[in-house]
Amino acid sequence: MRPDLHVHSSASDGTDPPAEVMRRAALAGLDVVALTDHDTVAGLPEARAAAGPVALLPGMELSCRLEGRSVHMLAYLFDPDQPELAAELARIRDDRVLRARAMVDKLADLGVDISWEQVAAIAGRAVVGRPHIARAMAASGAIASPREAFTRDWIADGGRAYVDRYALDPARAIGLVREAGGVAVLAHPRAGRDTWVTDQQITRLAAAGLAGVEVFHPDQSDAERARLLALASDLSLAATGGSDDHGSLTDYRLGSETTPANAYHALIARAASSLCRRTSLVVP
């Protein structure tokens, strides 16, 4: 069984439409793909219609902040219409626009000739993110490729044109996802210094109801994978994996990392248990 539980589409900052993502998932020999666009489920209807032989796991990557660091939470099988969660998602998406505009202004002050209109055109109807700004920068000739934007010179965390934005405390995010009947998995906690989550922090999140931790990710070393596997075992967390594919921005790496079958089934079982608990609150 080959489930890739971390994939993006053009509904957020990936380059391919959801239907194309599902087509590529089939070509990659995947059994399950989770569409986890940033702070939105807008791509799910198209992905579901195009699923074909690949099972679609509904998901989202939720923006969080922990002790000044950006943290991402993968959420699965939740009700996106749960009022409190839906309100927070709307606030996050609105603030993304304000942040992107402010970053464009900072880049202009640094001599980068791009406009908000260009960034908005690249994003289209998608949730706007830094990759859209990076693509505008590359189109302007300021950098050779979008990847070059993600340094301290430009728009990486703490960079010259970086602007902070509204994000949830991860424990609160876990609570909202669980209240909506879903499960939460900590995304790529050892992928880089700006997104590093310590063992102690993961332990506290496990106590708050975290269901899993993403162990198998292209940006996490073998040594960190081993440490995360041991921690996940100690905390009874599902050790998941995903490619974090963004289409051409990540060289079409869909299926390059997957979730072990036992971890996938454990996650689904936990989601079913969460849904039963939630249903029991409203149905006698």
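This report describes two helices, the salt bridges and the charge–ring contacts of a predicted model.

Residues are numbered from 1 along each chain as its sequence is written, and side-chain values use heavy atoms, with hydrogens and water left out. As the model is predicted, local features need pLDDT of at least 70 and side-chain atom pairs count only at pLDDT 80 or more, whereas totals for chains, interfaces and linings use all residues.

**Helix α6**

Helices (H or I, at least four residues) and strands (E, at least two) are DSSP runs, numbered from the N terminus. Helix α6 spans residues 170–179, and its buried residues are P170, A173, I174, L176 and V177. Here buried means under 20% relative accessible area, exposed means over 50%, and partly exposed lies in between (1.4 Å probe, protein chains only). These buried residues lie on the same side of α6 because they cover an arc of only 165° around the axis; the arc is that of the directions from the helix axis to the C-beta atoms. An α-helix has 3.6 residues a turn, so residues three or four places apart point the same way.

The buried residues of α6 pack against β3 (55–66), β4 (69–76), α3 (83–109), β5 (183–186) and α7 (199–207), contact being heavy atoms within 4.5 Å. At the start of α6, a side-chain oxygen of D169 comes within 3.0 Å of the backbone nitrogen of A171. Just after α6, G181 has a positive phi of about 85°.

**Helix α5**

Helix α5 comprises residues 130–140. R130, P131, H132, I133, A134, A136 and M137 are the buried residues of α5. Their cover includes α3 and α4 (116–123). G141 follows α5 and has a positive phi, near 90°.

**Salt bridges**

The structure holds 14 salt bridges, each defined as a side-chain nitrogen of Lys or Arg within 4 Å of a carboxyl oxygen of Asp or Glu. Side chains of opposite charge can pair when their charged atoms come close. Three of the bridges are listed below.

| Pair | Closest N and O atoms |
|---|---|
| D245 and R24 | 2.7 Å |
| R172 and E88 | 2.6 Å |
| R130 and D157 | 2.9 Å |

The salt bridge between D245 and R24 links distant parts of the chain, 221 residues apart: D245 is in the loop between β7 (238–241) and α9 (261–282), and R24 is in helix α1 (residues 18–27). D245 is buried at 0% relative accessibility, and R24 is buried with a relative accessible area of 11%.

R172 and E88 form a salt bridge that joins helix α6 to helix α3 across 84 residues. R172 is partly exposed, with a relative accessible area of 33%, whereas E88 is buried at 10%.

The salt bridge of R130 with D157 connects helix α5 with the loop between α5 and α6, the two residues being 27 residues apart. R130 counts as buried at 18% relative accessibility, and D157 counts as buried at 12%. In addition, R190, D199, E224 and R227 are linked in a network of salt bridges.

**Charges over rings**

A charge sits over a ring if NZ of Lys or CZ of Arg is within 6 Å of the ring centre and within 35 degrees of the ring normal. The charged end of R91 sits over the ring of Y166, 3.7 Å from its centre. The charged end of R160 sits over the ring of W154, at 4.8 Å from the ring centre.

Terms used: A polar contact is a pair of N or O atoms within 3.5 Å; within protein, one must be able to donate a hydrogen and the other to accept it, and residues adjacent in sequence count only if both atoms are side-chain atoms.
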